[in-house]
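Visitor: Could you take me through this protein? I would like to begin with the strands.

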Amino acid sequence: MFSFFKKKNDPNLNLSFLEVDMHSHLLPNLDDGLISMDDTIAFAKQLQDLGYKKLICTPHILPGVHDNSPELILPKLLEVKDAFTQNNIDIKIEAAAEYMVGTEFQESIEKGEQLLTFGDKHILIEMSYAFPSQNMAQVIFDLKIKGYKPILAHPERYNYYLGNYEIYEEFIGRGCLLQINLLSLTGFYGKPVQKAAEYLVKNNMISFIGTDMHHAGHLEMTKILATSTKFHRLAENLDLKNKSLL
Ligand SMILES: [Fe+2]
């Protein structure tokens with residue numbers, strides 16, 4: 001995974017061209033992301049130093065595993081905003097969610113329950129890493145009928161799709177936008193994931209790049225990536241929508 005970094009990197013490069021991170025687990029103690037408010041503050045400062053102007057936090061919503069809801073997530077966002085004010089951190093912060101696509105999620109859409117979105121009714125969805133969601137096509141259809149703009153999180157990380165790149169075209173054809181993880185481009189998640197991410201980038205199939213930040217390891221690798229000339233060559237000419245969320 002380190003071959004990406006063998007090239008001479010430029011310490012003056014950063015991630016300011018992205019402006020907005022729209023996928024992260026920075027709200028404390030809601031899922032498998034950050035645990036303490038101190039960490040949330042420290043990460044926000046460092047992400048600001050990397051050039052981000054806004055952080056959109058997307059805690060997992062996966063019934064039985066991460067039982068999150070707007071009632072839990074939105075008050076936590078207010079606590080974080082309060083802590084930012086007290087600590088003189090002026091980066092913008094918002095909260096939405098990363099919805100696991102399954103039967104419960106489909107029922108939530110059908111019942112018209114409140115769904116957490118960002119931007120222009122953009123909604124972040126994911127699947128299990130073990131198997132694809134059987135109702136994915138239906139969920140994308142249902143979301144779009146209700147005016148949502150679904151974004152599939154990290155399509156490059158679903159191992160069952162590796163080597164079947166046509167599936168990405170299918171998602172786009174159904175009106176689902178794609179978001180890759182920054183670190184997928186480094187080989188952090190393995191060589192096949194890196195190859196898939198590079199394919200998506202080179203074919204201009206992605207609309208967003210997110211950090212999907214969960215812990216200090218992600219942050220440290222992100223700092224290294226930020227200075228990578230190879231990364232900037234790959235990513236800076238993409239037609240990304242991150243900035244539209246500012
Ligand atoms: Fe995530």
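Guide: In this predicted model, where local features need pLDDT of at least 70, side-chain atom pairs count only at pLDDT 80 or more, and totals for chains, interfaces and linings use all residues, one open sheet has 3 strands in the order E1-E2-E4, with parallel pairing. Strands pair if DSSP finds at least two bridges between them. Residues are numbered from 1 along each chain as its sequence is written.

Visitor: Which strands stand at the edges?

Guide: E1 and strand E4 (92-95) do; each has a single partner strand, so one side of each is left without a neighbour in the sheet. Strands (E, at least two residues) and helices (H or I, at least four) are DSSP runs, numbered from the N terminus.

Visitor: How many bridges are there between E2 and E4?

Guide: Strand E2 (residues 54-57) and E4 pair in the parallel sense over 4 bridges. Within that pairing, lysine 54 stands opposite lysine 92 of E4.

Visitor: Is lysine 92 buried or exposed?

Guide: Lysine 92 counts as partly exposed, because it has 15 C-beta neighbours inside 10 Å. By that scale a residue is buried if 20 or more other C-beta atoms lie within 10 Å of its own, exposed if 12 or fewer, and partly exposed in between, with C-beta atoms placed from the backbone.

Visitor: And what does lysine 92 touch?

Guide: Not counting residues up to four places away in sequence, lysine 92 touches Lys53 and Lys54. Contact requires that the C-beta atoms of two residues, placed from the backbone, lie within 7 Å. Leucine 26 is 66 residues from lysine 92 in sequence, and their C-alpha atoms are 13 Å apart in space.

Visitor: Changing topic: what joins E7 to E8?

Guide: Strand E7 (residues 149-153) and strand E8 (residues 177-181) run parallel and are joined by 3 bridges. One bridge pairs isoleucine 151 with leucine 177 in E8. With helix H5 (residues 166-173), E7 and E8 make a right-handed β-α-β unit. Right-handed here means that, with the strands pointing away from the viewer, the path from the first strand over the helix to the second runs clockwise.

Visitor: Where does the chain go from E8?

Guide: From E8 the chain crosses through helix H6 (residues 191-202) to E9, and this β-α-β crossover is also right-handed. E8 and strand E9 (residues 208-210) pair in the parallel sense over 3 bridges; isoleucine 180 has isoleucine 209 in E9 as its bridge partner.

Visitor: What about the core?

Guide: The largest nonpolar core has 61 residues, and those with the most contacts inside it are Leu26, Tyr99, Leu124 and Ile125. H6 supplies the largest share of this core, 5 residues. Such a core is a set of buried Ala, Val, Leu, Ile, Met, Phe, Trp, Tyr and Cys residues joined through C-beta atoms within 7 Å.

Visitor: Which residues are in contact with tyrosine 99?

Guide: Leaving aside neighbours within four places in sequence, tyrosine 99 is in contact with Ile61, Phe105, Ile123, Leu124 and Ile125.

Visitor: And the protein as a whole?

Guide: The protein has 8 helices and 9 strands. Buried residues make up 39% of its 246 residues. A compact globule with 246 residues would have a radius of gyration near 18 Å, and the 17 Å of the protein agrees with that; the radius is taken over C-alpha atoms, and the globule rule is 2.2 Å times the number of residues to the power 0.38. Of the contacts with a separation of 6 or more, 80% are between residues 24 or more positions apart.

Visitor: Where do positive phi values occur?

Guide: Most residues other than glycine have a negative phi. Glutamate 19, in the segment before E1, has a positive phi near 65°. Lysine 121 lies in the loop between helix H3 (103-111) and strand E6 (122-126), and its phi is about 60°. Asparagine 88, just after H2, takes a positive phi of about 55°.

Visitor: How far apart are the end C-alpha atoms of H2?

Guide: They are 24 Å apart, which agrees with the 24 Å that the 17 residues of helix H2 (residues 70-86) should span at 1.5 Å a residue. The expected span is 1.5 Å times one less than the number of residues.
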